[in-house]
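Reader: I'd love a close look at one loop of this model, and after that a walk outward through the parts that surround it and the chain as a whole. Please take your time and connect the pieces as you go.

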Amino acid sequence: MLIKVSWVVGALMGVLPIGAGFGLAEWVVLNTVTVVMAVIGIALALALVRPWGMRIPGAPAAFCSWVGSGFLVSVLPFVLFSALLGGGSQKSGGGDDPAMPVWEGVLVQFSFVGMGLGLALAVPVYLRRRWPDAFIGRVGDGPRTAPPSAAVVGAAVALVWIYWAAGGTVGIAHPAERNTDWHLLAAVWGFWALAGAAALWVLARARPARWPRWLPLAFGWLGSGSLFAWSAWKLPLMLYVAVTDPADVTPPESPTVVMPVLLCAVVAGAAMMRNLVRTRIPPKTRHGS
């Protein structure tokens, strides 16, 4: 939060650079939004571990936990693989952006990883204390139903991202702009979208019956959260780039392709979470072992 505040104040005072592709007003708005998100993250972190967090309304607590997990917990594999593979922002045809000092980039990365690990531990503990019924029973305890259409849309989006991660060029306008991190992120987003879709399929078909219900619920939680959060974040940014066409920003994806994909991801993620929330446990399971 303090780093983003410094970016806003520094840009307004003319002592810090503005990010590539942005004017002063757009840069201030973008980082003001992230300051608000950081404040919400701090409040969420406290709500998950303090006694008063059990007394706040359940819907905003669950929503913020879901979005926060989708943003940060889902990208922890990316951080690991990026470090192992030596991923970075170096593109095949260009240089590095000098706007952010190395130490500042390390602090930002540390904050993402720290909050992601904290959410990975605190969110399931909080949810189990507040809604214990969701963690009991097995997959086969409920009736079989038709898989929701959201799972199909989520799987389709996953296949697009996995195809791009594997090097596919359909829908890619500028292949030279892709780098290691871009491929890794596409692979991670594709994995979580596919995992979320598979989780909904398992819950709907009630197979395999021996699995504990919390396992597909967890993958559905993270998969739908990743679909919704990251796509809802990228969609307005891609729209801004498509409308303003800044000379110093060239995303690899074609806007006419990636924006419908992101819109489908947002809708599918929200619908998948709605299906998870509406999942009910039979009374005999709720009162049994």
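Author: Happy to! A word on how elements are named comes first: helices are DSSP runs of H or I with at least four residues, strands are runs of E with at least two, and the numbering starts at the N terminus. Please also keep in mind that this is a predicted model.

The loop to look at is the one between H6 and H7, where Asn 179 lies. Helix H6 spans residues 149-165, and Pro 175 is also in the loop that links H6 to H7. How exposed is Pro 175? With a relative accessible area of 38%, Pro 175 is partly exposed, because that class covers the values between 20% and 50%. Asn 179 has a relative accessible area of 12% and is therefore buried, the limit for that class being under 20%.

Which residue from another stretch of the sequence lies 5.8 Å from Pro 175, C-alpha to C-alpha? It is Pro 252, 77 residues away from Pro 175 in sequence. Pro 252 turns up again with Asn 179: their C-alpha atoms are 9.5 Å apart, with their positions 73 residues apart in the sequence.

Other loops have points worth a look as well. In the loop between H8 and H9 you will find Asp 245. Its phi is positive, near 50°, in a residue other than glycine. Asp 245 is exposed, because its relative accessible area is 62% and the class begins over 50%. Ala 206, in the loop between H7 and H8, has a positive phi too, about 55°, although it is not a glycine. Is Ala 206 buried or exposed? At 2% relative accessibility, Ala 206 counts as buried. A glycine can be added to these: Gly 86, which follows H4, has a positive phi near 70°.

That brings us to H4 itself. Helix H4 covers residues 76-85, and its buried residues are Leu 76, Phe 78 and Ser 82. They sit on the same side of H4, because the arc they cover around the axis is only 160°. As background, an α-helix has 3.6 residues a turn, so residues three or four places apart point the same way. What do the buried residues of H4 pack against? Their partners are helix H3 (58-73), helix H5 (102-130) and helix H7 (180-205), the last of these being the helix on the far end of our loop in sequence, after H6.

From H4 it is natural to move on to H3. Of its 16 residues, 12 are buried, so H3 is largely enclosed by the rest of the structure. Among the buried ones are Gly 58, Ala 61, Trp 66, Phe 71 and Val 73. The cover over them includes helix H2 (24-49), H4, H5, helix H8 (214-244) and H9.

H2 and H9 each offer a residue to inspect. In H2 there is Leu 46, which counts as partly exposed because its relative accessibility is 43%. Its C-alpha lies 10.0 Å from that of Ala 122, although the residues are 76 positions apart in sequence. In H9, residues 255-277, there is Leu 276. Leu 276 is buried, with a relative accessible area of 9%. What does Leu 276 touch, leaving out residues up to four places away in sequence? The list is Leu 200, Leu 203, Leu 217, Gly 220, Trp 221 and Ser 224. The C-alpha of Leu 276 is also 9.9 Å from that of Ala 134, 142 residues away along the chain.

Now for the whole chain. It has 10 helices and zero strands. Of the contacts with a separation of 6 or more, 81% join residues 24 or more positions apart. The radius of gyration is 20 Å, which agrees with the value near 19 Å for a compact globule of 289 residues. The C-alpha trace spans about 65 × 45 × 35 Å along its principal axes. Buried residues make up 39% of the 289. Carbon and sulfur atoms hold 72% of the accessible surface of about 15300 Å². As for charge, there are 20 positive and 11 negative side chains, and the centres of the two sets lie 26 Å apart.

Technical notes:
Residues are numbered from 1 along each chain as its sequence is written. This is a predicted model: local features need pLDDT of at least 70, side-chain atom pairs count only at pLDDT 80 or more; totals for chains, interfaces and linings use all residues. Side-chain values use heavy atoms; hydrogens and water are left out. Buried means under 20% relative accessible area, exposed over 50%, partly exposed in between (1.4 Å probe, protein chains only). Contact means heavy atoms within 4.5 Å. The radius of gyration is taken over C-alpha atoms; the globule rule is 2.2 Å times the number of residues to the power 0.38. Accessible areas come from the Shrake-Rupley method with a 1.4 Å probe; for residues, only the protein chains shown count as cover. Lys and Arg count as positive and Asp and Glu as negative; His and the chain ends are not counted. The place of a charge is taken as NZ of Lys, CZ of Arg, CG of Asp or CD of Glu. The arc is that of the directions from the helix axis to the C-beta atoms.
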